Amino acid sequence: MTRICWRWLRWLLRGFALVLLFTPWYINVEQDYLGPAFLIAGFDGLTLGLEAIMRAGHVLLAALAVMIVLWALALVLIPAPAVRPKKKPKGKVAPDSRPKKRPKQVASNDDDRITPTL
């Protein structure tokens, strides 16, 4: 999905996806099971109230902040690829740009020929 985007937007969208999918947080306070932080924050917000979102939300916001800093550093430190103009093939002419040849007009019979008179 990000192939058609600009380089900076492609990296930003991929970074957001990576942070959302791979930032873990504890599912329950008493257990050691981990899950994606955005799912934990959303589920806590639906079941326990809006204040409970920050249990996993602070970790998610910190990971997003780190990702944005790394994204900005990558844009500054990694040079943009050079854009090269398309080369025209040598010796070949496009079919539309060739001059059109006029067909030779040949007389079909003797009456159509012009004969010089003095």
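Trainee: In which helix is Trp 8 found?
Mentor: This is a predicted model, and Trp 8 can be placed in it by its secondary structure. The residue is found in helix α1.

Trainee: Is Trp 8 buried, partly exposed or exposed?
Mentor: The relative accessible area of Trp 8 is 41%. Buried would mean under 20% and exposed over 50%, with partly exposed in between. Trp 8 therefore counts as partly exposed.

Trainee: How many Å separate the C-alpha atoms of Trp 8 and Ala 72?
Mentor: Along the chain, Trp 8 and Ala 72 are 64 residues apart. In space, their C-alpha atoms are separated by 9.0 Å.

Trainee: What pattern does the protein follow along the sequence?
Mentor: The secondary structure comes to 3 helices and 2 strands. Read along the sequence, these elements follow the pattern α-β-β-α-α.

Trainee: Are α1 and α3 roughly parallel or roughly antiparallel?
Mentor: Helix α1 covers residues 7–22, and its axis comes within 10 Å of the axis of α3. The two axes cross at roughly 155°. An angle over 145 degrees counts as roughly antiparallel, so α1 is, relative to α3, roughly antiparallel.

Trainee: Is the crossing of α1 and α3 left-handed or right-handed?
Mentor: The crossing angle of roughly 155° does not by itself name the hand. For α1 and α3, the crossing is right-handed.

Trainee: How far apart in space are Ile 68 and Leu 12, C-alpha to C-alpha?
Mentor: Ile 68 is found in helix α3 and is partly exposed, with a relative accessible area of 38%. In sequence, Ile 68 and Leu 12 are 56 residues apart. Their separation in space, C-alpha to C-alpha, is 7.7 Å.

Trainee: At what angle do α2 and α3 pack?
Mentor: Helix α2 covers residues 37–47, and its axis is 8 Å from that of α3. The helices pack at an angle of about 150°. That makes α2 roughly antiparallel to α3, the angle being about 150°.

Trainee: Does α2 pass α3 in a left-handed or a right-handed crossing?
Mentor: Helices α2 and α3 have their axes 8 Å apart. The crossing in which α2 passes α3 is left-handed.

Trainee: Which side chain meets that of Asp 44 in a salt bridge?
Mentor: Side chains of opposite charge can pair when their charged atoms come close. The count here comes to 1 salt bridge. It links Asp 44 in helix α2 with a residue of helix α3, 11 residues apart. With an N to O distance of 2.9 Å, the partner of Asp 44 is Arg 55.

Trainee: Which residue of the pair Asp 44 and Arg 55 is buried?
Mentor: Arg 55 has a relative accessible area of 24% and is partly exposed. The other value is 5%, which is under the 20% limit for a buried residue. The buried residue is therefore Asp 44.

Trainee: Is Ala 52 buried or exposed?
Mentor: Ala 52 has its place in the loop between α2 and α3. Its C-alpha atom is separated by 9.7 Å from that of Ile 40, 12 residues apart along the chain. Because its relative accessible area is 16%, Ala 52 is buried.

Trainee: What percentage of the residues of the protein count as buried?
Mentor: Asp 44 is buried, and Ala 52 is buried. For the protein, with 118 residues, the share that counts as buried is 17%.

Trainee: What is the area of the nonpolar surface patch that includes Leu 77?
Mentor: Leu 77 lies in helix α3, residues 54–77, and counts as exposed at 65% relative accessibility. The patch is made by Leu 77 with Val 66, Val 69, Leu 70, Leu 73, Val 76 and Ile 78. Its area is about 700 Å².

Conventions
Residues are numbered from 1 along each chain as its sequence is written. This is a predicted model: local features need pLDDT of at least 70, side-chain atom pairs count only at pLDDT 80 or more; totals for chains, interfaces and linings use all residues. Side-chain values use heavy atoms; hydrogens and water are left out. Patches are made of residues with over 30% relative accessible area and no salt bridge: like charges are joined within 9 Å, nonpolar side chains (Val, Leu, Ile, Met, Phe, Trp, Tyr) within 5 Å. Accessible areas come from the Shrake-Rupley method with a 1.4 Å probe; for residues, only the protein chains shown count as cover. A salt bridge is a side-chain nitrogen of Lys or Arg within 4 Å of a carboxyl oxygen of Asp or Glu. Helices (H or I, at least four residues) and strands (E, at least two) are DSSP runs, numbered from the N terminus. Buried means under 20% relative accessible area, exposed over 50%, partly exposed in between (1.4 Å probe, protein chains only). Axes are lines fitted to C-alpha atoms, for helices over the stretch in contact, and angles run from 0 to 180 degrees between N-to-C directions. Angles under 35 degrees count as roughly parallel, over 145 as roughly antiparallel, 65 to 115 as roughly perpendicular and the rest as oblique. A crossing is left-handed if the near helix is turned anticlockwise from the far one by less than a right angle, and right-handed if clockwise.
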